[in-house]
Amino acid sequence: MAVSITPQTPEHAQISFGAWLGVVLLFLFFGIFVLVLVAIAPHGNTYEAKRAEAREKKLNDARNAATQELNSYAWVDKGKGIARIPIDRAMELTLHDLASKKPAPANPIETPAQAPASGASPAPAVSPGPATAAGTPKPTSVEGPNSENIPGTQPGPGATPAASPSGQPAVSPIPEQKPPGTPIPIGGKTPP
């Protein structure tokens with residue numbers, strides 16, 4: 001007769017009441033600990049509010065300082081006799097000075113001729129030619145029998161540019177145009 005031997009393992013291990021009670025108390029203790037920490041911790045973030053208050057205070061201080069400087073008398077440089085006066089009073093004085101002054105012409109359009117160096121004689125003045133009584137030049141026509149346009153001296157609309165002197169090729173002031181997407185040439189290499 002054959003007898004099989006099987007290891008004896010309990011199918012349902014019984015958990016004792018003390019172990020069960022210990023696990024429940026451990027979870028309860030952890031829950032109470034978390035509630036206490038949440039109750040103690042601050043609930044709002046006041047960092048941005050504090051920064052906003054600090055910025056507002058700095059702005060108000062700067063405005064007050066500017067208002068104080070703009071509306072008070074003070075010495076800028078006592079040795080030179082330079083003082084600061086309130087801005088309202090400065091505007092009144094400036095308006096009074098401007099009202100009493102006669103308008104003056106603006107700066108000249110052309111710079112005045114410089115004085116000749118010592119020992120050099122000044123160049124003779126060039127007369128502007130025939131002029132009217134008011135000092136403006138006489139108008140001339142560009143076409144007709146009284147024209148100053150001498151035939152053959154002015155290029156016409158179909159004229160081509162003259163060759164450059166000394167046999168050198170004429171240089172175009174406009175750079176050579178390349179189609180979009182053309183690579184930029186690198187020194188020493190030729191494009192394909």
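**View 1. Arginine 51 and its salt-bridge partner in helix α2 of the predicted model**. Arginine 51 has a relative accessible area of 38% and is therefore partly exposed, and glutamate 48, at 43% relative accessibility, likewise counts as partly exposed. The two side chains form a salt bridge in which the closest N and O atoms are 3.6 Å apart. Both residues belong to helix α2, which spans residues 47-70, and they stand three residues apart in it, about one turn of the helix.

**View 2. The salt bridge between lysine 57 and aspartate 61**. Here the side chains of lysine 57 and aspartate 61 meet with an N to O distance of 3.3 Å, and the two residues are separated by about one helical turn because they lie four residues apart in helix α2. Lysine 57 is exposed, with a relative accessible area of 55%, whereas aspartate 61, with a relative accessible area of 41%, is partly exposed.

**View 3. Arginine 89 and glutamate 92 in helix α3**. In this view the salt bridge joins arginine 89 to glutamate 92, with the closest N and O atoms 3.5 Å apart. Helix α3 covers residues 87-100 and contains both partners, which are three residues apart, or about one turn of the helix. Arginine 89 counts as partly exposed at 39% relative accessibility, and glutamate 92 is also partly exposed, its relative accessible area being 49%.

**View 4. The salt bridges of the whole structure**. A search of the whole predicted model finds three salt bridges, among them the pair of glutamate 48 with arginine 51 and the pair of arginine 89 with glutamate 92.

How values were computed
Residues are numbered from 1 along each chain as its sequence is written. This is a predicted model: local features need pLDDT of at least 70, side-chain atom pairs count only at pLDDT 80 or more; totals for chains, interfaces and linings use all residues. Side-chain values use heavy atoms; hydrogens and water are left out. A salt bridge is a side-chain nitrogen of Lys or Arg within 4 Å of a carboxyl oxygen of Asp or Glu. Buried means under 20% relative accessible area, exposed over 50%, partly exposed in between (1.4 Å probe, protein chains only).
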